Amino acid sequence: MSRISAPDLLRRKIAGRTEDKITMVTAYDAQMARLVDMAGVDMVLVGDSLGMVIQGGNDTLSVTASEMAYHGRCVAAGLERAHLTVDMPFMSYQVSVAQAMRTAGLLVRKGKAQSVKLEGGVRSAPAIRAIVDAGIPVVGHVGLTPQSVNAFGGFRVQGRDQENAARILADAHAVAEAGAFAIVLEMVPQALAAQITAELGIPTIGIGAGVGCDGQVLVCTDMLGMDQRFAPRFLQRYANLEVTICEAVQGYIADVKSGAFPTPAHSY
Ligand code: KIV
């Protein structure tokens with residue numbers, strides 16, 4: 001089976017097939033990648049959210065490019081059809097355009113990425129242009145850009161006032177003009193996301209950005225309900241794996257202690 005490419009995804013918007021929404025889910029290992037791919041998701045993102053989901057941190061800032069490449073390679077091993085995007089982590093592209101190109105190259109060569117994602121609009125446009133010119137498709141990311149959490153003072157909705165909304169709109173245009181084939185809009189008001197979606201020629205992929213985007217992205221562990229403590233308004237849970245997994249492990253503990261497992265049938 002052939003993998004979904006960046007041009008395949010861009011063509012959906014160009015052909016006006018906006019009713020055929022793009023679905024993106026994060027994954028960080030081959031097993032989860034295999035499952036979401038089998039379910040039919042269009043894009044799998046190895047997000048730098050792995051700093052929180054996998055490494056247990058409070059933000060994404062300590063993730064390195066070699067960690068992203070490692071998890072990219074793991075996820076790629078589980079995919080047959082879905083497009084693989086790998087995040088460029090904090091300070092792996094902000095220093096210079098040359099650094100951005102080197103990191104993008106690493107994520108393609110070692111991380112098996114089909115495209116890379118980086119945060120920022122106007123300020124990241126030169127890096128996006130150079131990476132695209134080197135033949136690597138880019139996904140942009142504006143609105144709440146978690147690598148700037150300290151500048152924002154927390155993970156909160158961006159673009160609520162006119163000035164900030166205008167800045168995010170300009171950022172989105174800069175990303176598209178620099179050659180990105182898609183853009184993530186994170187935690188922005190619905191009306192602003194809908195305006196960006198209408199004005200841009202590339203697909204918008206929303207998270208906490210309302211109903212008007214060309215696609216959606218969720219973190220796999222969030223949508224599967226693996227941590228009930230995380231319950232933002234934008235999240236829809238499609239399973240309750242925290243309970244399922246705890247009950248399964250409790251069942252195993254009880255069976256081992258009672259002698260119900262293993263039985264002669266499990267023995268050689
Ligand atoms: O790192 C990540 O998982 C992301 C998504 C939330 C878009 O950037």
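For sorting residues by class, Ala, Val, Leu, Ile, Met, Phe, Trp, Tyr, Cys and Pro count as nonpolar, Asp, Glu, Lys and Arg as charged, and the others, Gly among them, as polar. This is a predicted model, where local features need pLDDT of at least 70 and side-chain atom pairs count only at pLDDT 80 or more, while totals for chains, interfaces and linings use all residues. Residues are numbered from 1 along each chain as its sequence is written, and side-chain values use heavy atoms, with hydrogens and water left out.

**Exercise 1. Find the residues around the ligand and sort them by class.**

Step 1: List the residues near the ligand (one of their heavy atoms lies within 4 Å of it). You should get Thr 26, Leu 45, Gly 47, Asp 48, Ser 49, Asp 87, Lys 117, His 141, Val 184, Ile 207, Val 217 and Val 219.

Step 2: Now sort them. The shell comes out as five nonpolar, four polar and three charged residues.

**Exercise 2. Look for polar side-chain atoms beside the ligand's oxygen atoms, then check how much of the ligand is covered.**

Step 1: Search for polar contacts (pairs of N or O atoms within 3.5 Å; within protein, one must be able to donate a hydrogen and the other to accept it, and residues adjacent in sequence count only if both atoms are side-chain atoms). Ser 49 has a side-chain N or O atom 2.5 Å from a ligand oxygen. For Lys 117, the distance from a polar side-chain atom to a ligand oxygen is 2.9 Å, and for Asp 87 it is 3.2 Å.

Step 2: Turn to the covered area. The ligand taken alone exposes 260 Å², and the protein buries 94% of that. Accessible areas like this one come from the Shrake-Rupley method with a 1.4 Å probe; for residues, only the protein chains shown count as cover.

**Exercise 3. Work out which way the side chains of strand 6 point, and what the strand pairs with.**

Step 1: Locate the strand at residues 182-186. Strands (E, at least two residues) and helices (H or I, at least four) are DSSP runs, numbered from the N terminus.

Step 2: Recall the general pattern. In a regular strand the side chains alternate between the two faces of the sheet. Here Ala 182, Val 184 and Glu 186 point one way, and Ile 183 and Leu 185 the other.

Step 3: Check the cover. Five of the five residues in strand 6 are buried (under 20% relative accessible area; exposed is over 50%, partly exposed in between, with a 1.4 Å probe and protein chains only).

Step 4: Find the partners; two strands pair if DSSP finds at least two bridges between them. Strand 5 (residues 138-143) runs parallel to strand 6, joined by five bridges, and Val 142 sits opposite Leu 185. Strand 7 (residues 204-207) also pairs with strand 6 in the parallel sense, over four bridges, with Val 184 opposite Ile 205.

**Exercise 4. Trace strand 2 and its partners.**

Step 1: Strand 2 covers residues 43-46, where Met 43 and Leu 45 point one way, Val 44 and Val 46 the other, and all are buried.

Step 2: Three bridges join strand 2 to the parallel strand 1 (residues 22-26), with Val 25 partnered by Val 44. Four bridges link strand 2 to strand 3 (residues 83-87), also parallel, and there Val 44 partners Leu 84.

Note on methods:
Near = heavy atom within 4 Å.
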